Number of protein chains: 4
Amino acid sequence: MTDKKTKANTLWGGRFEGGVSDIMEKINASIDFDKILYRQDIKGSIEHCKMLVTTDIISSEDGIAIQNGLRQIEGEIDAGDFEFSAALEDIHMNIEARLTEIIGSTAGRLHTARSRNDQVATDFKLWVRDACDQADEALKALQFVLINKAEENADVIIPGFTHLQNAQPVTFGHHLMAYFEMFTRDRARFADARKRLNECPLGAAALAGTSFPIDRHQTAKALGFDRPTYNSMDSVSDRDFALEFLSAASISAIHVSRLAEEMVMWSCAQFKFIQMSDSFTTGSSIMPQKRNPDAAELCRGKSGRIIGSLNSLLITMKGLVLTFSKDMQEDKEVTFDAVETYSLIIAAMTGMVEDMKVNADHMKKATEVGFITATDLADWVVRVLGLPFRNAHHITGSLVALAEKKGCDLDGLTLEEMQQVEPKITKEVFNVLSVESSVGSRVSFGGTAPSEVLKQVALAKERIG
Amino acid sequence: MTDKKTKANTLWGGRFEGGVSDIMEKINASIDFDKILYRQDIKGSIEHCKMLVTTDIISSEDGIAIQNGLRQIEGEIDAGDFEFSAALEDIHMNIEARLTEIIGSTAGRLHTARSRNDQVATDFKLWVRDACDQADEALKALQFVLINKAEENADVIIPGFTHLQNAQPVTFGHHLMAYFEMFTRDRARFADARKRLNECPLGAAALAGTSFPIDRHQTAKALGFDRPTYNSMDSVSDRDFALEFLSAASISAIHVSRLAEEMVMWSCAQFKFIQMSDSFTTGSSIMPQKRNPDAAELCRGKSGRIIGSLNSLLITMKGLVLTFSKDMQEDKEVTFDAVETYSLIIAAMTGMVEDMKVNADHMKKATEVGFITATDLADWVVRVLGLPFRNAHHITGSLVALAEKKGCDLDGLTLEEMQQVEPKITKEVFNVLSVESSVGSRVSFGGTAPSEVLKQVALAKERIG
Amino acid sequence: MTDKKTKANTLWGGRFEGGVSDIMEKINASIDFDKILYRQDIKGSIEHCKMLVTTDIISSEDGIAIQNGLRQIEGEIDAGDFEFSAALEDIHMNIEARLTEIIGSTAGRLHTARSRNDQVATDFKLWVRDACDQADEALKALQFVLINKAEENADVIIPGFTHLQNAQPVTFGHHLMAYFEMFTRDRARFADARKRLNECPLGAAALAGTSFPIDRHQTAKALGFDRPTYNSMDSVSDRDFALEFLSAASISAIHVSRLAEEMVMWSCAQFKFIQMSDSFTTGSSIMPQKRNPDAAELCRGKSGRIIGSLNSLLITMKGLVLTFSKDMQEDKEVTFDAVETYSLIIAAMTGMVEDMKVNADHMKKATEVGFITATDLADWVVRVLGLPFRNAHHITGSLVALAEKKGCDLDGLTLEEMQQVEPKITKEVFNVLSVESSVGSRVSFGGTAPSEVLKQVALAKERIG
Amino acid sequence: MTDKKTKANTLWGGRFEGGVSDIMEKINASIDFDKILYRQDIKGSIEHCKMLVTTDIISSEDGIAIQNGLRQIEGEIDAGDFEFSAALEDIHMNIEARLTEIIGSTAGRLHTARSRNDQVATDFKLWVRDACDQADEALKALQFVLINKAEENADVIIPGFTHLQNAQPVTFGHHLMAYFEMFTRDRARFADARKRLNECPLGAAALAGTSFPIDRHQTAKALGFDRPTYNSMDSVSDRDFALEFLSAASISAIHVSRLAEEMVMWSCAQFKFIQMSDSFTTGSSIMPQKRNPDAAELCRGKSGRIIGSLNSLLITMKGLVLTFSKDMQEDKEVTFDAVETYSLIIAAMTGMVEDMKVNADHMKKATEVGFITATDLADWVVRVLGLPFRNAHHITGSLVALAEKKGCDLDGLTLEEMQQVEPKITKEVFNVLSVESSVGSRVSFGGTAPSEVLKQVALAKERIG
């Protein structure tokens, strides 16, 4: 293996200029991305250290020296004064090496009854737990702007689509509250993920537990966990918490993508249902009236990336034997990227909803095509004339066909024309043919009537927590 | 558009012999797969009907006729006497058409204040809810066999791996209990999914709610839901419940794939840690001693399929505008396939764990290489001699190097040889160098000591619920 | 293991009524889906048999008996007279067992110098090769209808969008020809996949090759392969051909999904650019004018399923040791499903394009908003007045702002008004402000001018092959 | 919208300290990652500029100024002296702004007859084309080390596995050459992707082509493309080239993952087939003999990440209407990451194969269990005694059972013992029972015999190109 570097340069075409050692460092070191864990790492080390003192595994003096050293390091990193080294591979070794510089060989006592395997599992869990909390906070903010916008638009009428075809008129407030429900479920999913991950791996050591008389309940409690994990091998092999976060984020990103798709569509010249703010659109130097809905498009596009991250980690974890395999180092970049991306799209969506200007006129006008109250007519026939629904459907179909032929909407037909189709129809029918009466009548629980939307809004304010 | 069929045959190469109508029927009809929902569909219809009677929307007589008709149809399908028609597209229309045959036009009253959109959402939710319950039951059975096997093997020693390299000895019971933890989390995930989906969409109608004076709380309660959904548009647009099931199943399938990978490896000639039963292996007519671990390999392979299903539905749902789009019909096949596949791998894994024969001798023998108790030695140096962990590491490294040079394991060194490396070492050190003492000493909470495993087992029996 | 069945019933909740044997049969048998390979299997066996005769490994008489038997079996399966047995696991064993029934123990000679591993690889390759050919044929048909539709609509003007915002006018023929290009690349991808898979695995035997003096070139040639595979272990381990097919199908499905999305949007009440035919839409009994674009939505939705299949097989193949692992049995269901699905969406898209009715008026009208010829104005300023592009942009921006203020389009401004912004502007500028002149001017290679579209169409007719 | 920033801080919990403008900049700007395209961007601009001069669209003087300016900028970026600005969003605007600083408003002429849409498509294609070339070079290097290692190990015997069970002996050189085949297909896939992408989008302008008399054939040729793209709308909407690269990389990563899995397994204490070099393993301060195969594990793990990237971009592109949507900006990060990751795993695998030390003794010893030559015995019975294969299987099975009972391998049976099972067996049979004779006999094309492996190696040296 003499002259490895030269051979490498010849063989591998100069892409890795340092030869073998450069390749290994690049593929192996994680410090570039795992330094983000430094607060969690130091917090975990401090509590581990306190426990070692409590259990008389190390002395009080050593414990104080270690804790002071760790706090000093945290300050250095906070201040941007810490030099990270790729040769030291990861955040744990970088901090430990610095601790040795500061307090000498006593630093070596910190790693008693601990290993990098349980340490990284603890750090990463703490970080994902924070990400759950931040997701909850961000979603709550998004829910607030949705509720406010829904309240303002409780009686604004817009076509309700199925198959992107006009189906029934609904209120825009109602439409927005549908997203409130989705984000409610998302928050619950993050809360469940948080609850489930909240067992502390610290003390599992490399994989087998330890012979030191440690107190895992103490560290678990001090770090805000509900309890220590039950099985040391599972503790260091488990990455479910990252997978569950990514699942919840993917499902939530689907919701964002749907609203983003609607916003892009609502903003186009053919719809003009809303106008997005300058803050979330880009213009064109040549077409100053143009508002490209970039942020909405990016929200939609980035949802694919979050799903890609979930998929990636599922693939990486599949079929790994217990306990730690280095493949598992791939858990972090995808999770960090997904958390950043998710945080960004929720913030952008919150801003877009808050800022969007509703064109109630265009929305209303769009309901004036497509015989959008045909269902109301059919329901009237059932309710008032007592016919079975399927027969009522048939009658309504004939009336729509008649209106289409005549070139008018349903309320453009005369009573006589209607009675030619069904003699029992009375003039009372005209009460249900307007879009206002249509939405106003749908007062079933969760229905689209403005009164019901306001009830939903009030309830939402309570439910939001 | 005359002679469409002939043109089609020319153009599309004969793959769709019936031309256009055949293509449309093939792409559009769902009856081939959604007939699986018939029990849920009939159950939902019966409760909807009862509610229509309670609220005086239809008469008692009509209600009784409809319910009797539906029960007759359920009997027909149960008995295999029902002829499904692709022309009638889906399970809902097939049942309604048959109901009309049986009770005449009164059948048409059943669809009052309901649409296929809320109906299919209800049916599918009921079905996924059942799937959650079955997953829980199946996982519980798997946990039982794991607990039993762990109890039997609480003191059987096996190498604990990191990077598939011998790291520390552990007990096989402990290793199995790691999977108990994973499946515990899986059950909790299914339970959370079930809890979250348990809101009833019935009464959302097409998308806007209804003007009929329905009682959504009645149907929700009768169908075992906690409450009706809060928003009618969300009710018919939402497929989160399927996505969440698929997420939980994917994460759980990862666990199955890991154990399956281990079983395949443990069964190979180089390991011989276990022998799988004839029931879950296939042989060879030519090599009668051969036991191909087909079922384990299929468990591992099929986990990819479940992840594929999750991915597929996430993709399909992304960017869909509210409310119902026909894309959403793609929700069912992937979910049905994933549920069937998941159910199969859990059952197969349960059987494999129960049946596997443990070769304790081979396991133990495998711990006799690789200086597997080096960590115990280092811990002893820390604990007894009071040196910092990193120094202890250094001393241990020197002793291992010495043993390697001498061609023996650590307990093959003499005390004198050890003292040349570190004079303070006493003969007491030999107490920690055997694999038995190593595992025996790891009594920290969740550690691998046989006594601790038995505690975990006892606790698991309580926790399993 | 006595009373396995009862235990199973207790433990696994009755979902697998036959107990262990039922689980194993369900998870292991492939006959339900691999019977689709029967033609390929028989074809491969016949050529293998002929080669065994040519090389004197078996006698002519035996060879004739075997071939006749196989042809008889093919006839039986064609006619639906063959009884498949799950106990015989797969198509290969089903056929071999039947051959033994027909010709006795001579049947056993067919398997000389062959194993199920090379046999299934050959069968599956032949099947995927056919699927490539069918994809090519189907895509060609789709290209024809696109060319025809493009030719008919070479001068129909429609807004060209970026960010779904009106950007520049284009011709609808040009828009359709963009898809011609996509499907051209797709065909090339399938052709490359076919070319690459076209090496024959037969004769690789179980994995190591054989000591029989077989002639692999003979069978390769007879089965239409370019050559035998070079390495026997690769031959039985390789499923690249399925992965490459699924990749090509996924990319092509993306194209279909984009056109489908456009069709759904073009069909909505706000756009009304096209009307889809009854053949590919569904109606509503209550709203007879309604045309739900179900087939387009399903094309869009099913693209997610094809991507899911690709993902699934990639996951399953990842990390498998050589040579055959049973995981690889998972290759077939996803591939078969993807081929069926892909075939369906291409056929449906072909029909939808052919049938769609273009509303040229609505398309044109949609270009009359958004100052869609602003770029033409800027280009005129550059070309005629000689200003740098960025300055021209600035001038155009001012003119658009002026027009917006005045409430007219660009050609609604007077020359004087224009000259207030830029004095050098002449009346010649009005020649470039209409959408007709805009599209007419874009005669650069591949541009949207009707003349250029007709050239593209003519070229396409040559290129289509 | 006054005091947006304050509101943002309140609502969005301080995660985006700059409020709205910060969110938009973060979600919208691409300069952080697309600066990697600077060489391609400048190259494209220079050729576009030359063409504008040739076609008299801009003057020679302006052309020279622009080209000199661009070259100066390239030098600045090369030297690390260029300040990138997120406010200028992307690499194109950053370069254009700097060009204006250097040469004044003449810079504005460069953008004549061009838009960012065709510019970015061109840049990205050029970059992916380079990535294809680098992949080819890297794979070729990997093939060379495989060939060399195979040649060295042409007669080293190792168990050939199916289901990870001993099946037949093979040569290690043969096993390695299986990977040569896989990487040969991979190179062909990248070559096809390169060929297919090699059409130049430049001149498509925003989407419709241009009215300037440009010469797209000139720029296409100058940039090394085979021709200009045929359709301007497709030109700016198409990201097939990235998807196809990602597909090829994913399939190739599967191959890497399989070899990596084998290496991890071959390195464990139970196998000891190979020893990996220090360069690609990490040790343990406590267990100096330990060699954790980190690089192999990371190769295996990172394959999941590449598949995730493919999946991500497929999802993002699905269902996008023509032409450019901002979602498409998501194409770059996943592609850049996948190219970097892929490059890294190929380089690491090349080094690992080159460095690995083969333990021929352990490999051979592993073939001495499992009656691994049973197939040879059966083949002998067919070939010499003329029995049908299935009968030969039965006889072999009986002999294996006899040997198992006697506790010996097949060649430990006496001739008399064999003749009790099948009287026609002669002592000649012993010639086929050793693993050496087994592998030596498999001389069929592509078989595992050392002589055949050396032929394959020689052929590979020719085929490698």
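In this predicted model, A:Thr323 lies in the loop of chain A that runs between helix 12 (294-317) and helix 13 (331-355). The peptide bond joining A:Leu322 to A:Thr323 is cis, with omega about -5 degrees. Chain B carries a cis bond as well, from B:Leu322 to B:Thr323, and its omega is near -5 degrees. B:Thr323 is placed in the loop between helix 12 (294-317) and helix 13 (331-355) of chain B. Such bonds deserve notice because most peptide bonds are trans.

The relation between these two chains can be described geometrically. Two copies of a chain are related by a rotation about an axis and a shift along that axis. Here, a turn of 180 degrees with a shift of 0.0 Å along the axis lays chain B on chain A with an RMSD of 0.1 Å. This is the relation of a two-fold axis. Within chain B, the residue that comes closest to the rotation axis is B:Ser247, its C-alpha lying at 3.1 Å. Of the interface residues of chain B, 100% are also interface residues in chain A, so the copies meet through the same surface.

Backbone torsions give a further point of interest. Most residues other than glycine have a negative phi. B:His163, although not a glycine, has a positive phi of about 55 degrees. B:His163 sits in the loop between strand 1 (157-162) and strand 2 (165-171) of chain B, and counts as buried because its relative accessibility is 8%, under the 20% cut-off.

In chain D, the loop between strand 1 (157-162) and strand 2 (165-171) holds D:Leu164. D:Leu164 is not a glycine, yet its phi is positive, at about 60 degrees. With 6% relative accessibility, D:Leu164 also counts as buried.

Conventions:
Residues numbered from 1 in each chain as written. Chains lettered and ligands numbered in written order. Predicted model: local features only at pLDDT ≥ 70, side-chain atom pairs only at ≥ 80, totals over all residues. Heavy atoms only, no water. Least-squares fit on C-alpha atoms with pLDDT ≥ 70 in both. Contact = heavy atoms within 4.5 Å. Helix = DSSP H or I, 4+ residues; strand = E, 2+ residues; numbered from the N terminus. Buried < 20%, exposed > 50% of the residue type's maximum accessible area, 1.4 Å probe, protein only.
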